[in-house]
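Welcome! Please take a moment with the sequence and the structure shown here before reading on.

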Amino acid sequence: MPHIHWAGILRSEPAEYQKGALRGNAKKLAIPASMQELTIKALPFAAVPLALIFFSVLLKTFLAGEAVLSPAFFALGFLAGFAGLPAHEWLHAVVYPAQAVVTIGFYPKALAAVALVSYPLKRRRFILMPLLPLLLGLVPLVLFWLGPAAWKAWNGFWFGFSIMGLISPYPDCFCVYQVLRQTPPGCRIQNYKDETYWLE
């Protein structure tokens, strides 16, 4: 597990935390450098989790023939999911080896929690890194599905929690798509400043 530095609110630009050694043969990927641009370009990748979320609640309600969740506990679960954003970033971080230093904090300009590191990872491991936080949405959604219709409070809580866990990683899924499209198998991937590079 890497050394994790909990920075709180980031006073510097994210690029300042991603200045690891980058080899000379590194090739830059065509991924937006700014978080704002990345968030906008990645929007189509939010469609699948949104569809899964709404299909889940509509189908469970239809099969039960009644409301299956409590609105108050839904709101509570959603707030808990929002409060769980540090866990989302921690799941990004744990993929890195012990030699890496990962800074986790909140970047006010983009209204985003971030895990920042510049360390080369094998392509497969780098792909796992952005996808791992999806567990924070998939596990609660499974619990929502498994709960009896009468458990409205728990159903509401798990469903609300799953929304943040499934929606917040959509820019990460966009980055995975770009890595798969632009890099060869067996390479290494590294974030450096505001860019992402692949190395042979």
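What follows is a short tour of this structure, topic by topic.

The structure is a predicted model. Five salt bridges are counted in this model, and the count of disulfides is zero. One surface patch, one mostly hidden helix and a few notable loop residues complete the tour.

**Helix 7 and what covers it**

- Helix 7 runs over residues 152-167. At 1.5 Å a residue, its 16 residues should span 22 Å, and the end C-alpha atoms are indeed 22 Å apart.
- The buried residues of helix 7 include the aromatic trio Phe-157, Phe-159 and Phe-161. Also on the buried list are Asn-155, Gly-156, Gly-160, Ser-162, Ile-163, Met-164, Gly-165 and Leu-166.
- Among the elements that cover these buried residues are helix 2 (47-64), helix 3 (71-83), helix 4 (85-93) and helix 6.

**A buried loop residue, Val-68**

- Val-68 sits in the loop between helix 2 and helix 3. Its relative accessible area is 1%, so Val-68 counts as buried.
- Which residues does Val-68 contact, leaving aside neighbours within four places in sequence? They are Lys-60, Thr-61, Phe-144, Ala-149, Trp-151, Lys-152 and Asn-155.
- Asn-155 is one of the buried residues of helix 7. Its C-alpha atom is 6.7 Å from that of Val-68, although 87 residues separate the two along the chain.

**A nonpolar patch on the surface**

- Leu-135, Val-139, Val-142, Leu-143 and Leu-146 form a nonpolar surface patch. Together they have about 440 Å² of accessible area.
- Leu-146 belongs to helix 6, which covers residues 135-146. With a relative accessible area of 65%, Leu-146 is exposed.
- As background, an α-helix has 3.6 residues a turn, so residues three or four places apart point the same way.

**Salt bridges**

- Glu-13 pairs with Lys-109 in a salt bridge, with the closest N and O atoms 2.7 Å apart. This pair links distant parts of the chain, 96 residues apart: Glu-13 is in the loop between strand 1 (3-9) and strand 2 (27-28), and Lys-109 is in the loop between strand 3 and strand 4.
- Is each partner buried or exposed? Glu-13 is partly exposed at 36% relative accessibility, whereas Lys-109 is exposed at 59%.
- Glu-200 and Lys-27 meet through their side chains in a salt bridge of 3.3 Å, N to O. Glu-200 lies in the segment after strand 7 and Lys-27 in strand 2, so this bridge ties together parts that are 173 residues apart in sequence.
- Glu-200 is exposed, with a relative accessible area of 58%, while Lys-27 is partly exposed at 32%.
- Glu-37 forms a salt bridge with Lys-41, where the closest N and O atoms are 3.8 Å apart. Both residues lie in helix 1 (residues 35-41), and because they are four residues apart, about one helical turn separates them.
- Glu-37 is partly exposed, with a relative accessible area of 37%. Lys-41 is partly exposed too, at 48% relative accessibility.

**Cysteines without a disulfide**

- The count of disulfides is zero. Cys-173 is in no disulfide, and the nearest cysteine sulfur, that of Cys-175, is 9.2 Å away.
- Why is there no bond at Cys-175? The closest cysteine sulfur, in Cys-173, is 9.2 Å from the sulfur of Cys-175, which is too far for a bond.
- Cys-173 is partly exposed, with a relative accessible area of 21%, and Cys-175 is buried at 17%. The cut-off for buried is under 20%.

**Loop residues with positive phi**

- Most residues other than glycine have a negative phi.
- Leu-111 is not a glycine, yet its phi is positive, at about 50 degrees. Leu-111 is in the loop between strand 3 (101-107) and strand 4 (112-116), and is exposed with a relative accessible area of 70%.
- Lys-193 also has a positive phi, near 55 degrees. Its place is the loop between strand 6 (188-192) and strand 7 (195-199), and Lys-193 is partly exposed, with a relative accessible area of 37%.

Methods: Residues numbered from 1 in each chain as written. Predicted model: local features only at pLDDT ≥ 70, side-chain atom pairs only at ≥ 80, totals over all residues. Heavy atoms only, no water. Patch = residues over 30% accessible without salt bridge, like charges linked within 9 Å, V, L, I, M, F, W, Y side chains within 5 Å. Areas by Shrake-Rupley, 256 points an atom, 1.4 Å probe, with all protein chains shown as cover. Salt bridge = Lys/Arg side-chain N within 4 Å of Asp/Glu carboxyl O. Helix = DSSP H or I, 4+ residues; strand = E, 2+ residues; numbered from the N terminus. Buried < 20%, exposed > 50% of the residue type's maximum accessible area, 1.4 Å probe, protein only. Expected span 1.5 Å × (residues − 1). Contact = heavy atoms within 4.5 Å. Disulfide = S-S within 2.5 Å.
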